[in-house]
Amino acid sequence: MAAITIDFQLFFILILLWLLSRFCLSAFFSFKKPKDIKLPPSPPSLPVIGHLHLFRSALCHKSLKNLSSKYGPLLHLRAFNIPIVVVSSGSMVNEVLRNHGLNFASRQSGSVFEESLFCGVSGFTSAPYGEYWRFMKKLLVTKLLGAHSLDRTRLIREEEVKTFRAILFDKAVKKEAVEVEKEMMKLTNNSICMMIMGKRCSGENGEAERIRELVTKTIGLMKKIVIAITVGKLLKKVGISLFEKEFMQVSRSFDEIIEKILVEHEENPKKDEDKDMMDVLLEVCADENAEFKITRNHIKSLLVELFLGGTDTSAQVTQWAMAELINHPEILKKLRQEIDSVVGKTRFIQETDLPNLPYLQAVIKEALRVHTPSPILARNSMEGCNIGGFYIAKNTTVIINTYAVMRDPNSWEEPDKFQPERFMVAPQNGKEEMREQQGFNYIPFGSGRRACPGSNLGYIFTGLAIGTMVQGFNWSVDGGKVNTEETGDTMLRMAHPLMCTPVARIDPSANP
Ligand code: HEM
């Protein structure tokens, strides 16, 4: 059957899905509860589509959290005949990601559009737990995002922070408000582009700037990507190809640009110390003795995923942290005192200062807890298993509601309050004890085998940006208070992006 391509408003798509599914799908698939098996509690569902409507709402992590408060930390839902289990407490996360870690080490297979550079067969993030994924993960944690390579690329980020700082000083002179998310995206995008391929995104330089546009466009497609991954395969069976045209267009544009830069890299090989991520990956690709033979498409997919995973997340955390600091002057004052006493006012904060600023780290951790950028994580069960006394069947999509876990009143005192002090090690507690206690209740970077390999870089970006903004400037917002209303689905965002005006409190010509 010829594939039908649909790319209009989500609402109409869901209506269409509902109608089509009534006439077609229910004839072929019906959800039956296996006999003698205890499934997790399930709230009432709609005919045919089941609980699909719950995922349509913006802030679905909040509605799922409310359902969990009523039905318990494990929920059994379904979208058509696709079973979905929602996990909402630290102890259940511990069961899923530690006790049954291997069983949940894969995500829902994303190869709805096999050719696409994101969610395609060559992707790392969507790859099942297997030989390819393990090879790439090792490469990421050793050669691409490991301590040594972060150290080697430190100067790149310091250059970009210099530009960021100059923009803030300029805004201060002009008494203009700063759009924090926008400036932060420039900082992270430029840094990642330089680390990956030795090009900045700013200025008239075509390719890197195009990449930034494509990253923004893809981030805007995230909800559609999740829908396509969840129900796309099922709908393909009846000839419906969700969002294919839109995804493939973006993927082809990424492909074109990255291919051009790959060729440039091949034609101009660099010396060891000057190598960027692209050089390293090309070298691995050409290595006949490598444990796994990666292809050009593997390289392209991984790079797209690094552009996507590494930019928006840190920008969102920085924006939320600054909003909370402006709304809590006493916390801002304490943080500033720490920076002034450790770094002083005669030089600007640097990456090497970050380990000596525990309160700054606590502020970032608390921003990641209260406003986690990824409120929902998805995994897939490779085999049937028992979790918390309930059965989870093979091939079930498991959604971990990180938002609910990190605001669970059973694990966190006053969970909705912004209190960085909770991350300062109390004198009577050792660091280990503290880590143990937080365990699976604190998962802004996920956990287990599929945890984020870029967490150290994420802490560096946010630490440098927040440190620079707090050390160098006083901040004011219209009305005196920031509106911290949330929006977003796959990525938690500020409904009213932060606009705040800087007043310099440090000499712009300070060293370095
Ligand atoms: C504050 C910043 C960041 C946050 C909050 C964040 C959060 C996350 C989360 C929640 C996951 C899913 C983990 C899971 O399923 O258990 C993830 C995965 C991932 N992140 Fe990050 N991330 C950040 C920064 C970065 C950076 C800077 C990079 C790289 C440049 C990166 C690359 C990735 C990749 C490649 C994955 C997929 C891992 C896999 O499937 O094995 N992230 N991140």
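**Stop 1: a helix to start from.** Select residues 455–472, which form helix H17. At 1.5 Å a residue, the 18 residues of this helix should span 26 Å, and its end C-alpha atoms are 25 Å apart, which agrees. Keep in mind as you go that this is a predicted model.

With H17 still selected, show the rest of the structure around it. How many of the 18 residues of H17 are buried? The count is 14, so the helix is largely enclosed by the rest of the structure.

**Stop 2: the loop before H17.** Now select Cys452. You will find this cysteine in the loop between helix H16 (431–438) and H17. An unreviewed UniProt entry annotates Cys452 as "binding site". Is cysteine 452 exposed, partly exposed or buried? Buried would take 20 or more C-beta neighbours within 10 Å, and exposed 12 or fewer; cysteine 452 has 18 inside that distance, so it counts as partly exposed. Add Phe445 and Gly446 to your selection: cysteine 452 is in contact with both, leaving aside its neighbours within four places in sequence.

**Stop 3: strands that pair with S13.** Next, select strand S10, residues 473–476, together with S13. These two strands run antiparallel and are joined by 4 bridges. To see one pairing up close, pick serine 476, whose bridge partner in S13 is threonine 501.

Finally, add strand S4, residues 178–179, and look at S13 again, residues 499–504. S4 and S13 also pair in the antiparallel sense, over 2 bridges. Which residue of S13 stands opposite glutamate 179? Zoom in and you will find methionine 499 there.

Notes:
Residues are numbered from 1 along each chain as its sequence is written. This is a predicted model: local features need pLDDT of at least 70, side-chain atom pairs count only at pLDDT 80 or more; totals for chains, interfaces and linings use all residues. The expected span of a helix is 1.5 Å times one less than its number of residues. UniProt positions are given in the numbering used here, feature names are shortened, and annotations may be inferred rather than shown by experiment. Two residues are in contact if their C-beta atoms, placed from the backbone, lie within 7 Å. Two strands pair if DSSP finds at least two bridges between them.
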